[in-house]
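Student: Could you take me through one part of this model in detail, the place where the two chains meet, and then follow the strands and loops that lead away from there?

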Amino acid sequence: MHEAAIAEELLKVVLEQTRINEGKPVVGKVSCGYFYSVNEDVLGFAFDAISAGTVCEGMKMVVEHKPLRGHCKSCGIDFEFDITNPVCGGCGSGEFEMPGDEPLVLEEIEFETE
Amino acid sequence: MNKKVTVGQQILSLNEKYALENKQIFAEGGKLCLNMISSPGSGKTSILTRTIIDLRGKLTIGVIEGDVQTDLDAERIRATQAAAIQIETNGACHLSAAQVNNALYKLPVSELDLVVIENVGNLVCPSAFELGENAKVVVLSVAEGDDKPIKYPSIFSKAKVMLINKIDLLHAVDFDIERASKDALKLNKGIKIFPVSAKSGEGMGNWYDWLCESVKSVKG
């Protein structure tokens, strides 16, 4: 339920954006790496709870999960992998570098205008 | 008519900022910092109290305790004469880097070799929040079952060490150390695995060797 902490920060950023953009925010697009373990339903529930009574009430949060990526030390390719099977998709080697998890980003807000 | 606005703002950037600041404090002081993560009741505090007592004279350890409520764990640490700061999260399921930063100013960091952050008991949320540590240590007790690495892969793939605790109970439970180890190694081939019993002391020597070695390596 760390989504509650994330929802709080999201609300702050969306409220800032409502001051410089016209309309009511209706959809927020969030992207993040695997290790943030963000569940879309839980984030939505937390955001609903804390945004009640604000201009963001009813806003929907959509989460895009970015895949884990590796750079193979054996064959040199960049590849995406599943956490349960961390091997190179090209040669099957388990020797690879991880550039780090993708950050948690509020990518876009959709505003409803008249 | 709806209008889409590109924002591109990083969330939790404040946590990253404090994590970086904590990392600098540890790096500049040549201190090792470990972030200990497990389910509630796996024996994190028992491992720490035994470690502090057994390594007295070799390593000076300070502890930051995270719990939803009470300072019971900090009291247990202080009973060993080690310094401990309790963070009560009042409901939050993880520690944040800002809370740790605040606690660091209350700990006598300059006198310590090792700072251990005992995170809130939870196998999911704490793995999403970097605290500035050198390494994560995951604790799995045999009573929890050997399927935890595949059920909660994030923390097992990020941790440098897995302590399998309560091996004194192995006769009473169906825990297959080989299975748990194989699954953890599949997720993370660099993970060091130490089966231990904080109660009997069995296996703790391997953990102590790793700790002493790791403290030495950050002292430079």
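Tutor: Happy to; here is a walk from the interface outwards.

This is a predicted model, in which local features need pLDDT of at least 70 and side-chain atom pairs count only at pLDDT 80 or more, while totals for chains, interfaces and linings use all residues. Residues are numbered from 1 along each chain as its sequence is written, chains are lettered from A and ligands numbered from 1 in the order in which they are written, and side-chain values use heavy atoms, with hydrogens and water left out.

Let's begin with the interface as a whole. On the chain B side, 28 residues are in contact with 34 residues of chain A (contact means heavy atoms within 4.5 Å). The two chains bury about 2,700 Å² between them, and 57% of that is on carbon and sulfur atoms; buried area here is the accessible area (1.4 Å probe) that two parts lose on being put together, summed over both. Lys3(B), Val7(B) and Ile11(B) supply 21% of the area that chain B buries against chain A, more than any other three residues.

Now for the polar side of the interface. The count between the chains is one salt bridge, a term for a side-chain nitrogen of Lys or Arg within 4 Å of a carboxyl oxygen of Asp or Glu. In that salt bridge the side chain of Lys189(B) meets that of Glu95(A), at 3.5 Å from N to O. There are also twelve residue pairs in polar contact between chain B and chain A, both residues at pLDDT 80 or more. A polar contact is a pair of N or O atoms within 3.5 Å; within protein, one must be able to donate a hydrogen and the other to accept it, and residues adjacent in sequence count only if both atoms are side-chain atoms.

Which elements of chain B carry this surface? Those that give two or more residues to the side touching chain A are β1 (2-10), α1 (13-29), α6 (153-158) and α7 (177-187) of chain B. Helices (H or I, at least four residues) and strands (E, at least two) are DSSP runs, numbered from the N terminus. The largest share, nine residues, comes from β1(B). By class, this side of chain B has twelve nonpolar, ten polar and six charged residues, where Ala, Val, Leu, Ile, Met, Phe, Trp, Tyr, Cys and Pro count as nonpolar, Asp, Glu, Lys and Arg as charged, and the others, Gly among them, as polar.

Strand β1(B) also pairs across the interface. Seven bridges join it to strand β6 (residues 105-112) of chain A, and the two run antiparallel; two strands pair if DSSP finds at least two bridges between them. Within this pairing, Glu108(A) stands opposite Thr6(B). In general, strands of a sheet pair through backbone hydrogen bonds, either parallel or antiparallel.

Just along the chain, Leu12(B) lies in the loop between β1 and α1 of chain B. Leu12(B) has a positive phi of about 70° although it is not a glycine, and at 4% relative accessibility it counts as buried. Buried means under 20% relative accessible area, exposed over 50%, and partly exposed in between (1.4 Å probe, protein chains only). Thr70(B), in the loop between β3 (61-67) and α3 (72-78) of chain B, likewise has a positive phi, of about 80°, without being a glycine. Thr70(B), however, is partly exposed, at 35%.

Over in chain A, an open sheet of three strands has the order β4-β3-β5, with antiparallel pairing. Its edge strands are β4 and β5 (96-97), each pairing on one side only. Four bridges join β3 (residues 68-72) to β4 of chain A, with Gly70(A) partnered by Phe79(A) and Arg69(A) by Glu80(A). These two strands form a hairpin with five residues between them, and Gly76(A) in the turn has a positive phi of about 85°.

The side chains of β4 (residues 78-81) alternate: Phe79(A) and Phe81(A) point to one face and are buried, while Asp78(A) and Glu80(A) point to the other and are not. Asp78(A) is exposed, at 61% relative accessibility. Beyond its neighbours within four places in sequence, Asp78(A) is in contact with Gly70(A) and His71(A), and a polar contact of 2.6 Å joins the side chains of Asp78(A) and His71(A).
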